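User: I would like to go through this model by question and answer, starting with its pocket lining. Please keep the replies short and end each on the value or name I ask for.

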Amino acid sequence: MVKVSEARLRLLDTATRVFYTEGIHSVGIDRIVAEASVTRATLYRHFTGKEELVVAYLEGAAQLERDQLNQAIAGADSAADSIRAVAKAITTTITSDGFRGCAFLNAAAEYPDPDHPVHQAVLTHRAWFATTIATLFTDLGDADPHPPARHFIMLRDGAMSAGCLGNPTEVCNTFLQGVEGLLTYRTAQPR
């Protein structure tokens, strides 16, 4: 196992905190360096620049989400329960302290160019998420899992956006009702 330097960890921890809470473009390298208690030279030893640091931040957020969803799915007894467990894990995120929306949707809004490495990191994560959800709908018996997976993702994206704008408990209840309605509709369809 490769040991990650303390300085790199401080840089990533600082970037994760400030990028998520304040936005990526609003935070400069000087602030990250100061709050991480490193020099600019140290930053550039670990990252080629801010862009690479942002991609590393998103990769870390993606790993946390993969771990969260894998843990949720592992405890489920059926495909439908796996989908419900993923939805419940999402609501746990929405109702957490300091929730400010989806890190990936926020990053995509700041980096709209689809060819930009940050936007590409977002798309890579979303492709993983779409595949994961489609697999769960396949396990449910869906012959074409992509439409319900897209529906689930749209419900999730809406909940992640609304969760920081209004009452997160109401948003989560609405999201869970929507997922339950999707499951009811999909299980009633001929296979």
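User: How do the residues lining the largest pocket divide into nonpolar, polar and charged?

Analyst: This is a predicted model. The largest pocket has 26 lining residues, with Y20, A61, L64, E65 and A103 nearest its centre. By class, the lining divides into 15 nonpolar, seven polar and four charged residues.

User: Which element gives the largest share of the lining of the largest pocket?

Analyst: Two or more lining residues come from each of α1 (6–22), α4 (50–74), α5 (79–94), α6 (103–110) and α8 (146–162). The largest share is eight residues, and the helix that supplies them is α4.

User: How much space lies in the largest pocket, and what volume has the largest cavity?

Analyst: A search of the whole structure gives one cavity of 30 Å³ or more. The volume of the largest cavity is about 50 Å³. For the largest pocket, the space comes to about 560 Å³.

User: Which residues line the largest cavity, and which elements give two or more of them?

Analyst: The cavity lining consists of E65, C102, F104, H125, R126, F129, I153, R156 and D157. By class, these are four nonpolar, one polar and four charged. The elements that contribute two or more residues are α7 and α8.

User: Is E65 buried or exposed, and which residues does E65 contact beyond its sequence neighbours?

Analyst: E65 sits in helix α4. Its relative accessible area is 14%, below the 20% cut-off, so E65 counts as buried. E65 is also one of the residues lining the largest cavity. Leaving aside neighbours within four places in sequence, its contacts are F104, H125, W128, F129 and R156.

User: Which residues of α8 are buried, and what covers them?

Analyst: Helix α8 has 17 residues and reaches 24 Å between its end C-alpha atoms, close to the 24 Å expected. Its buried residues are P148, A149, F152, I153, R156, D157, A159 and M160. The elements covering these residues include α4, α5, α6, α7 (117–139) and α9 (168–188).

User: Where does H146 lie, and is H146 buried, partly exposed or exposed?

Analyst: H146 belongs to helix α8. Its C-alpha atom is 24 Å from that of N106, and the two residues are 40 apart along the chain. With a relative accessibility of 44%, H146 is classed as partly exposed.

User: Which residues of α5 are buried, and what covers them?

Analyst: The 16 residues of α5 should span 22 Å at 1.5 Å a residue, and the end C-alpha atoms, 23 Å apart, agree with this. The buried set is A79, A80, S82, I83, A85, V86, A87, A89, I90, T91 and I94. Cover for these residues includes α4, α7, α8 and α9.

User: What is the phi of S37, and is S37 buried or exposed?

Analyst: S37 is in the loop between α2 (29–36) and α3 (40–46). Although S37 is not a glycine, its phi is positive, at about 55 degrees. Its relative accessible area is 56%, over the 50% cut-off, so S37 is exposed.

User: Where does UniProt place the "DNA-binding region", and how much of that span is helix?

Analyst: An unreviewed UniProt entry places this feature at residues 28–47. The same record type also carries the annotation "domain: HTH tetR-type", covering residues 5–65. In the model, residues 5–65 are 79% helix and 0% strand, with end C-alpha atoms 23 Å apart. For residues 28–47, the end C-alpha atoms are 14 Å apart, strand is 0%, and helix is 75%.

User: How many helices and strands does the chain have?

Analyst: From the N terminus on, the order of elements is α-α-α-α-α-α-α-α-α. The count is therefore nine helices and zero strands, where helices and strands are DSSP runs.

User: What percentage of the residues in the chain is buried?

Analyst: Along the principal axes, the C-alpha atoms fill a box of roughly 60 × 40 × 30 Å. Of the contacts between residues at least 6 apart in sequence, 66% join residues at least 24 apart. Among the 191 residues of the chain, the buried share is 43%.

Conventions: Residues numbered from 1 in each chain as written. Predicted model: local features only at pLDDT ≥ 70, side-chain atom pairs only at ≥ 80, totals over all residues. Heavy atoms only, no water. 1 Å grid on protein atoms, 1.4 Å probe; cavity = no way out; pocket = protein on both sides within 12 Å on 5 of 7 lines; lining within 4 Å. Points joined across faces, edges and corners; volume = space filled by probe spheres on them. Helix = DSSP H or I, 4+ residues; strand = E, 2+ residues; numbered from the N terminus. Nonpolar A, V, L, I, M, F, W, Y, C, P; charged D, E, K, R; others polar. UniProt positions renumbered as here; feature names shortened; annotations may be inferred. Expected span 1.5 Å × (residues − 1). Buried < 20%, exposed > 50% of the residue type's maximum accessible area, 1.4 Å probe, protein only. Contact = heavy atoms within 4.5 Å.
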